[in-house]
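Biologist: I am new to this structure. Please take me through it with short answers.

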Amino acid sequence: MLCQHCHEKPAVISYLVTREGQQKEMQVCQDCLEELMKEDLGISKTMDEGLGGVLSAMLQMMIQDPGEEARGRECPHCHTRWKDFKDTGRLGCSQCYQAFAPDLNKIIKQFHGQDHHQGEIPRAFQEEVYRDRKIMDLKAQLDRAVEEENYEQAADLRDQINGLKEQAHESH
């Protein structure tokens, strides 16, 4: 298939274009992809830098200055700094997700419109995921009840949380 943008080179990738609120999927060549990304996103990184380069450029656009605290923060395990992540679009290890959680959650929410999974959950994990979500919801309600000094409701919520945690422990 030929590129739907230049109509000259072979298309190598699908690109979702949004114009005037309408989304259209186009099959484009690599050169046109770079051109479209520059136009649409202001990304000047080339595809030669790979996905990391493109993600890094997108992060540069999305990440506001997180302030002094995040700028100096680094992962205690691999010593990746926030600046390193901002420059490369890559985290150093799995512990980085914890070290940079508040700032990563902001980026994820900005990028996806939400900061939690909304897709399908494999059947094998549905019960556990729903239980964990229920516990998180109950904990938020518990915090509000304590804040409002509604201790009877707080005790009831605490008991519900403990019951769900006990169920989780028994199923493992």
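Biologist: Which helix holds both tryptophan 82 and phenylalanine 85?

Modeller: Helices are DSSP runs of H or I with at least four residues, strands are runs of E with at least two, and both are numbered from the N terminus. Tryptophan 82 and phenylalanine 85 are 3 residues apart, about one turn of the helix. The helix spans residues 82-88 and is α4.

Biologist: What kind of model is this?

Modeller: Residues are numbered from 1 along each chain as its sequence is written, and side-chain values use heavy atoms, leaving out hydrogens and water. Local features need pLDDT of at least 70, side-chain atom pairs count only at pLDDT 80 or more, totals for chains, interfaces and linings use all residues, and the model is predicted.

Biologist: Which element of the protein chain has the highest mean pLDDT?

Modeller: pLDDT is the predictor's confidence in each residue, from 0 to 100. The protein chain averages 79, and 74% of the residues score at least 70. Helix α3 (residues 68-72) has the lowest mean, 54. The highest mean, 92, belongs to α8.

Biologist: Back to the rings. How are tryptophan 82 and phenylalanine 85 paired: stacked, edge-to-face or tilted?

Modeller: Rings of Phe, Tyr and Trp (its six-membered ring) pair if their centres lie within 6.5 Å; planes under 30 degrees apart count as stacked, over 60 as edge-to-face and the rest as tilted. By this rule there are 2 aromatic pairs. The centres of tryptophan 82 and phenylalanine 85 are 5.3 Å apart and their planes meet at 55°, so this pair is tilted.

Biologist: Which residue joins Trp82 and Phe85 in one aromatic cluster?

Modeller: Tryptophan 82 is buried at 2% relative accessibility (buried is under 20% relative accessible area, exposed over 50%, partly exposed in between, with a 1.4 Å probe and protein chains only). Phenylalanine 85 is also buried, at 6%. The cluster is completed by Phe100.

Biologist: Is threonine 80 buried or exposed?

Modeller: Threonine 80 is in the loop between α3 and α4. Beyond its neighbours within four places in sequence, its contacts (heavy atoms within 4.5 Å) include Cys75, Phe85, Cys96 and Phe100. Its relative accessible area is 12%, so threonine 80 is buried.

Biologist: Which element gives the most residues to the largest nonpolar core?

Modeller: A nonpolar core is a set of buried Ala, Val, Leu, Ile, Met, Phe, Trp, Tyr and Cys residues joined through side-chain atoms within 4.5 Å. The largest has 10 residues, among them Tyr15, Val28, Cys29, Cys32 and Leu36. β1 (13-19), β2 (22-28) and α1 (30-41) each supply at least two of them. With 4 residues, the most comes from α1.

Biologist: How many residues are in the other core, apart from it?

Modeller: This second core includes Cys75, Phe85, Cys96 and Ala99. Its residue count is 9.

Biologist: How many disulfides does a search of the whole structure find?

Modeller: A disulfide is a pair of cysteine sulfur atoms within 2.5 Å. Cysteine 29 is buried at 2%, and cysteine 32 is buried at 4%. Their sulfurs are 3.5 Å apart, too far for a bond. The number of disulfides found is 0.

Biologist: Where does arginine 131 sit, and is it buried or exposed?

Modeller: Arginine 131 lies in helix α7 (residues 123-147). Leaving aside neighbours within four places in sequence, arginine 131 contacts Leu164, Gln167, Ala168 and Ser171. At 7% relative accessible area, arginine 131 is buried.

Biologist: What is the reach of α7 from its first C-alpha to its last?

Modeller: α7 has 25 residues. The expected span is 1.5 Å times one less than the number of residues, here 36 Å. The reach is close to that, at 37 Å.

Biologist: What covers the buried residues of α7?

Modeller: The buried residues of α7 are Arg131, Ile135, Leu138, Leu142 and Ala145. Their cover includes helix α8 (151-171).

Biologist: Which residue in the loop between α7 and α8 has a positive phi although it is not a glycine?

Modeller: The phi of this residue is about 60°. The residue is exposed, at 57% relative accessibility. It follows α7 and is glutamate 149.
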